[in-house]
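Trainee: I'd like to learn how to read a ligand site and some ring pairs. Could you walk me through it?

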Amino acid sequence: RKTKMTIDKAYRISQVDKRIFGSFIEHLGRAVYGGIYQPGHASADEEGFRQDVLELVRELRVPVVRYPGGNYVSNYFWEDGVGPVSERRARLDLAWRSLEPNTFGLGEFTKWAAKAGTDVMMAVNLGTRGTKDACNLLEYCNHPSGTKYSDLRRKHGAEHPYNIKLWCLGNEMDGEWQIGHKNMQEYGRLSEETAKAMKLMDPSIELVTCGSSFMGMPTFPQWEATTLECSYDYVDYISLHQYYGNEAGDSADFLALSDDMEEFIHTVVSVCDFVKAKKRSRRNIHLSFDEWNVWYHSKDQEVDIMQNHPWQIGPRLLEDHYNFEDALVVGLMLITLLKHADRVKIACLAQLVNVIAPIMTDPQGGVWKQTIFYPFLHASMYGRGEVIQTILDTPVHETSRHGAVTDVVSVAVFREEEEELTVFAVNRNLEEDQQIHMDLRSFEGYGILEKIELVSEDLKAENSIYEENVKPVRDKEVRMDGQMAELVLKKASWNVIRFG
Ligand code: AHR
C-alpha cells in the first residue's frame with residue numbers, strides 16, 4: 001500500500017500551545033497517596049514526594065497539571081487540606097467512595113508542581129458549593145495579603161500568592177453521576193455568575209467552563225450552546241472530555257475512534273462560533289480537552305472496590321494496564337489534538353500517575369512506564385512548534401462501525417528556530433505496511449535526523465515493573481533524494497520522523 005504526503009511550510013495552521021501536553025492529578029485511587037506522595041518510601045524527599053515519579057513527570061515535560069478533580073472536585077472542601085497537617089481531619093470522598101485523609105492538599109500540590117516544573121490548573125467545586133466558595137479559594141491562592149483568605153495562606157506559610165492562572169468552573173456538571181449535577185440552565189447561570197465574580201477579583205485569570213462529559217451525552221451539543229449563551233463573555237475555554245475503550249475486542253474499529261474525536265472537536269468549535277455570532281462577539285472561545293485517554297481495562301475492579309470495599313485511603317482504582325494498541329490510540333488522539341491546534345489550546349492526558357496513567361508506581365519498589373508513555377513523550381518533546389497542513393493521499397480500509405477509514409493518520413509540526421520538521425504518523429492498517437512518499441518541497445537542505453517507531457507483533461503486549469515489552473526503537477531506513485523522502489510505516493505502528 002502506498003501513501004503520499006505533501007508538506008509545504010507555507011501552509012501553516014497554528015502555533016501549538018504547549019498546554020496541549022498537560023495532564024491531570026485527581027484525589028483518586030493511588031494518584032496522590034502512593035503516587036506522587038508517599039512519605040517513608042525510599043525515593044521520597046523531605047516533603048514526601050516520590051522523586052522517581054518526579055523524574056518521569058519532568059521527562060514528559062508536562063507544562064500544566066489539572067487538580068484536584070475530576071469528580072472529586074464536586075464535593076471538594078479545600079479548607080480541609082490546608083494549615084497544619086496535625087489539625088487536618090479526614091473526610092469521606094463520595095465521588096470515589098474513598099477516605100480522604102487530607103494530609104496532602106493545595107499547599108503540598110503547589111510545592112509538588114514547582115518541583116515537577118509544571119503550572120497548576122485549579123478546579124473549583126460547583127457541585128455542592130458555589131460562587132462564594134470559589135471566590136474564597138481564589139482569594140486564598142492569588143490575592144497578595146491583607147484579606148481574610150490571603151492572610152490565612154500567609155499564616156499557613158505561603159507568603160507569596162500561588163498566582164494560579166487557569167481555573168476550571170466545576171467538572172462534568174452535565175453528568176448525573178456528578179455530586180451536585182446541574183441541568184444546562186442551572187449550570188449556565190452558575191458558571192456565568194462564578195466567572196464574573198472570579199474575574200472581578202483577579203482579571204488576569206483564564207476560565208474553563210464545563211462542556212459535555214463525552215460526545216455521546218444525551219444533552220450534547222445543546223449543553224454547549226445553552227451554557228455558553230450564559231457565560232460567553234466571561235469564560236475563555238470550554239472543556240471536552242473523552243475516553244475510548246476496546247470492550248468489543250475489535251482493534252481496527254478501536255483505532256478508528258480518533259475520527260470520532262475529530263468530529264467532537266469540529267462540533268464544539270461550530271457551537272462556540274454559533275454562540276459567538278449570536279452574541280455579536282469578536283472573541284473566540286477556545287477548547288480545553290482537559291480529560292482524554294483510553295480507559296476501560298479496570299472498570300470491573302472499580303465497581304468491585306467502590307461497592308464492596310469502600311472508604312479506603314488510596315485504593316487501586318482505575319489502574320488500567322495499557323497495551324500496545326492503546327498506545328496507538330493515544331498517538332492517534334495526540335495527532336488529532338495537534339491538527340486542531342488553532343482551537344484546542346489546552347489538553348490534559350487523564351491522568352498522570354497510577355490512575356489511567358502513563359506512569360505507574362510500585363508501593364515498595366520503583367516506577368515503570370506504561371506503553372502510552374511513549375507517544376505522549378514524543379509529542380511533548382517534538383510537537384511544540386507550528387502545525388503545517390499536510391496533504392495526505394492514503395488508502396482506506398473497512399471497519400465495523402466506522403466504515404472506510406484512512407490507513408495513515410498524521411500531522412506535521414515545524415520548529416522554525418530549531419530548523420526541524422517532525423511528522424507524527426500512525427499506520428492504523430493492521431494487516432499491511434505502508435510505503436510512504438514524502439514531498440517536502442519547501443524544506444530545502446533538510447535531511448533525515450531520525451525515525452523513531454513503536455511497533456509490536458502483539459497488539460496486546462504490555463509493560464510492567466519487570467519488563468518493558470513496548471518501547472521505541474530507531475529505524476534508519478529513510479531514503480532521501482533532494483526534498484523527496486521514501487520510508488515504510490509498518491502495519492500498526494506509531495512513527496516520529498524528524499527532518500532538519
Ligand atoms: O479521570 C477520571 C474521571 O473521569 C474524572 O474524575 C471524571 O471527570 C471523568 O468522568
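**Reading the ligand site**

Mentor: Of the 13 residues around the ligand (a heavy atom within 4 Å of it), Glu 26, Asn 71, Glu 172, Tyr 243 and Glu 291 come nearest. Bear in mind that this is a predicted model, where local features need pLDDT of at least 70, side-chain atom pairs count only at pLDDT 80 or more, and totals for chains, interfaces and linings use all residues. Residues are numbered from 1 along each chain as its sequence is written, and side-chain values use heavy atoms, with hydrogens and water left out.

Trainee: Which side chains have an N or O atom 2.9 Å from an oxygen atom of the ligand?

Mentor: For polar contacts, look for N or O pairs within 3.5 Å. Here Asn 171 has a side-chain N or O atom 2.9 Å from a ligand oxygen, and Gln 351 has one at 2.9 Å too. For Glu 26, the distance is 2.6 Å. On its own the ligand exposes 280 Å², of which the protein buries 95% (Shrake-Rupley areas, 1.4 Å probe).

Trainee: What classes make up the shell around the ligand?

Mentor: Sort by residue type: Asp, Glu, Lys and Arg are charged, Ala, Val, Leu, Ile, Met, Phe, Trp, Tyr, Cys and Pro nonpolar, the others polar. This shell has six nonpolar, four polar and three charged residues.

Trainee: And how many aromatic pairs are there?

Mentor: Phe, Tyr and Trp (six-membered) rings pair with centres within 6.5 Å; planes under 30 degrees apart are stacked, over 60 edge-to-face, the rest tilted. That gives 19 aromatic pairs. One of them, Trp 78 with Tyr 140, is tilted, at 4.9 Å between centres and 50 degrees between planes. Trp 78 lies in the loop between strands S3 (64-67) and S4 (91-93) and Tyr 140 in helix H3 (residues 131-142), so the pair ties together parts 62 residues apart in sequence (DSSP runs: helices H or I, at least four residues; strands E, at least two; numbered from the N terminus).

Methods
A polar contact is a pair of N or O atoms within 3.5 Å; within protein, one must be able to donate a hydrogen and the other to accept it, and residues adjacent in sequence count only if both atoms are side-chain atoms.
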